[in-house]
Amino acid sequence: MENLTIRRMMPEDIPIIAAWMITVPLWQRYGLTLHRAQTQLETAFHHGDVLQVADLPDDPACGFAWGILNGAFGRSAYLRLIGVRPGSAGRSIGSELLENMEGVVSAVSDSLFLLVSDFNHDAQRFYFRHGYQQVGSIPGYVLPDVNELVLWKLLRQLQGG
Ligand SMILES: CC(C)(COP(=O)(O)OP(=O)(O)OC[C@H]1O[C@@H](n2cnc3c(N)ncnc32)[C@H](O)[C@@H]1OP(=O)(O)O)[C@@H](O)C(=O)NCCC(=O)NCCS
């Protein structure tokens with residue numbers, strides 16, 4: 001997308017992102033609060049996780065992606081969260097963030113895992129279009145009445161070991 005830039009998250013982005021995260025219906029269903037959103041991102045920042053931010057000229061920090069290297073089985077990268085401010089969804093910002101994250105983590109991991117809620121059909125379509133496949137499902141893992149689908153994408157040929 002023209003004029004979209006992706007860069008590393010800075011501490012000053014966190015309050016801006018947390019403020020719109022709590023307006024995302026998905027995360028409201030998971031009981032996200034402003035305090036929890038801020039704390040999660042601050043903790044990730046201090047752990048040195050991969051935190052990428054999308055900026056539009058008139059809409060700074062309108063999207064983000066959080067990846068954890070070796071976050072899946074101590075062996076593969078895990079996409080912990082990805083989100084776009086609701087008013088900016090459907091404009092390819094999420095696609096750019098996902099492709100950027102895949103590029104960053106592929107330097108150290110041959111694949112990327114993520115969880116998606118069974119009811120989040122829009123996001124499932126988004127991931128399938130980007131080459132992810134469902135490799136499992138975890139019933140009631142986060143919310144008692146929701147299955148978390150385990151999605152996986154091979155980023156480059158497996159090295160073994
Ligand atoms: C999922 C998400 C990151 C996609 O980013 P995006 O910039 O909206 O997506 P793109 O424009 O690159 O791609 C469009 C696709 O994203 C998905 N999408 C669009 N709006 C969405 C929304 N509000 N919620 C979930 N998925 C959405 C659809 O599959 C859409 O494809 P379609 O045109 O066939 O409907 C973003 O919509 C979002 O933050 N959604 C809410 C939070 C969420 O579901 N995060 C993922 C949890 S695993």
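Which residue in E5 does Ala-77 stand opposite? Good morning, colleagues. The residue is Leu-112, and this pair offers a convenient way into the structure. Please keep in mind that the model before you is predicted.

I shall begin with the strands around that pair. E4 and strand E5, the latter covering residues 111–117, pair in the parallel sense over three bridges. To pass from E4 to E5 the chain travels through H4, and this β-α-β crossover is right-handed.

E4 also has strand E3, residues 59–72, as a partner. Here the pairing is antiparallel and runs over seven bridges. Within it, Gly-67 has Leu-79 of E4 as its bridge partner. E3 and E4 together make a hairpin, with three residues between the two strands. In that turn, Phe-73 adopts a positive phi of about 60°. As for its surroundings, E4 is mostly covered, with seven of its nine residues buried.

Let us turn to the ligand. How many residues surround the ligand? There are 18, and the closest are Ala-89, Gly-94, Ser-95, Asp-122 and Phe-126. Three elements give two or more residues to this shell: strand E4 (76–84), helix H4 (93–105) and helix H5 (121–129). Thus E4, which we met in the pairing with E5, appears again in the shell around the ligand. The largest share, four residues, comes from H5. By character, the shell divides into nine nonpolar, six polar and three charged residues.

I now move to an earlier part of the chain. Helix H3 comprises 14 residues, from 34 to 47. From its first C-alpha to its last, H3 reaches 20 Å, close to the 20 Å expected at 1.5 Å a residue. In general, an α-helix has 3.6 residues a turn, so residues three or four places apart point the same way. Just after H3 comes Gly-48, which takes a positive phi of about 80°.

Finally, consider Thr-5, which lies in strand E1, residues 5–8. Is Thr-5 buried or exposed? Thr-5 counts as exposed, because it has 12 C-beta neighbours inside 10 Å, and a residue with 12 or fewer falls in that class. Thr-5 may also be set against Thr-39: the two are 34 residues apart in sequence, and their C-alpha atoms are 25 Å apart in space.

To close, I would return to E4: this strand pairs with E3 in the antiparallel sense and with E5 in the parallel sense, and it contributes to the shell around the ligand. Thank you for your attention.

How values were computed. Residues numbered from 1 in each chain as written. Predicted model: local features only at pLDDT ≥ 70, side-chain atom pairs only at ≥ 80, totals over all residues. Expected span 1.5 Å × (residues − 1). Buried ≥ 20, exposed ≤ 12 C-beta atoms within 10 Å, placed from the backbone. Near = placed C-beta within 6 Å. Nonpolar A, V, L, I, M, F, W, Y, C, P; charged D, E, K, R; others polar. Pairing = 2+ DSSP bridges. Right-handed = clockwise from strand over helix to strand, strands pointing away.
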